[in-house]
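Let's take a walk through this protein and look at how its parts meet. Have the structure open as you read.

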Amino acid sequence: MKIRRIFAHRVELPLTEGSYKWSGGKSVTVFDSTIIGVETECGITGYGEVCPLGPFYLPAYADGVRAGVRELAPHLLGWDPRALMQLNHRMDAALKGHPYVKSGIDIACWDILGQACGLPVCVLMGGRFGDSVRLYRAISQEAPEEMAKKVAAYRAQGYTRFQLKVGGDPDTDIARIHAVRAMLLPTDRLVADANTGWTQHEAVRVVRAVKDLDVYIEQPCLTYDECLAVRRMTDHPFVLDENVDGLEMLLRGRSDKAMDVVNLKISKLGGLTRTKQVRDLCVSMGIAMTLEDSWGGDITTAAIAHLAHSTPEEFRFTSTDFNSYVTVSTAHNAPQRVDGMMEASQRPGLGIQPKFEVLGPRVLDIH
Ligand code: MG
């Protein structure tokens, strides 16, 4: 089986809430997502998606996905998409770095592998653990009482895990965490995700001010060293996200006991192949994970569902259903949330079929 064509569609994903805001005044109203298709000579086509959280979250941006795929695709024509390690090796030889560019191609090749052998991606990634995957809801940064209201509304829809976007003014963030925790049940999980937004002294103030609350602290500061210093001054469960961009940082964090949970985003790590490698190591080392991506629609959500469903339940901290945050559906048979849970498709591959009438014309087509 050989790759004969790689193409892409650009799709805009407006938010159901109108906007999404997080640390440092960053916000997005319409996400710019790229759907990548990999077509084989035998007629099977696989799909992947890459949707950066704007150009100012990770070192990734939407036009960069398209420029990168344009650069990479000619090097992949004629290669076997099922040989995923070889394919990733080839991508790394042709383009240094830029893991997010490679992610959509890698996901599409997992989709092809699954279709070729008649198995869902989650089975190929290790098997289906449990009936479904528990989801968290990210709560856009607003005034404390607004965030508490939103948590109540999403709780009524079945979510039991919430990730507050903090990393703003520390005094307001302290009020945000108190307001939300006060209206949750003891069994609900709350994460305060600062997305690198606090300086070290601000982070230390916040963790002291919420000392008696049951709350996880996620990525308080920009650098790993700052986060580690904060970690050593708190007994809250601690999550690292932006700093863990590959195996090297995972192993460093493990060695320093810098975190209890890591946030693995498929495009941050460079696709499902690389994420599986990090995921499997986390399972071996006993580190729980948030399994997700930076953003996306139906195809990203399908990939997350397969990644999460193939991870032992005790190591799944949370995942998220990005397709329920946006107003546009880009694929048939994508996972749908039921009572705060979702499941990976039982169909071969990712189990989705793109809605071409929504995707519009191809913005690149290399063959
Ligand atoms: Mg995070």
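About 3,800 Å² of area is buried between domain 1 and domain 2 in this predicted model. Carbon and sulfur atoms give 62% of that area. Zoom in on Tyr20, Trp110 and Lys355: on the domain 1 side, these three supply 17% of the area buried against domain 2, more than any other three residues.

So where do you find the two domains along the chain? Domain 1 is made of two stretches, 3-118 and 354-366, while domain 2 covers 123-350. Their C-alpha centres sit 22 Å apart. Where they touch, 45 residues of domain 1 are in contact with 47 residues of domain 2.

Now for the polar side of things. There are 3 salt bridges between domain 1 and domain 2. You can also look up the salt bridge that joins Glu142 and Lys21, whose closest N and O atoms are 3.5 Å apart. Across the interface, 26 residue pairs are in polar contact.

Which elements build the side of domain 1 that touches domain 2? Those giving two or more residues are the strands β1 (3-14), β2 (20-22), β4 (30-40) and β5 (45-50), together with the helices α2 (84-94), α3 (99-117) and α13 (356-359). The largest share comes from α3, with 12 residues. Sort the residues on this side of domain 1 by character and you get 26 nonpolar, 10 polar and 9 charged.

Definitions and conventions:
Residues numbered from 1 in each chain as written. Predicted model: local features only at pLDDT ≥ 70, side-chain atom pairs only at ≥ 80, totals over all residues. Heavy atoms only, no water. Domains from an automatic or database assignment. Contact = heavy atoms within 4.5 Å. Buried area = accessible area lost by both parts, 1.4 Å probe. Salt bridge = Lys/Arg side-chain N within 4 Å of Asp/Glu carboxyl O. Polar contact = N/O pair within 3.5 Å; in protein donor to acceptor, adjacent residues only side chain to side chain. Helix = DSSP H or I, 4+ residues; strand = E, 2+ residues; numbered from the N terminus. Nonpolar A, V, L, I, M, F, W, Y, C, P; charged D, E, K, R; others polar.
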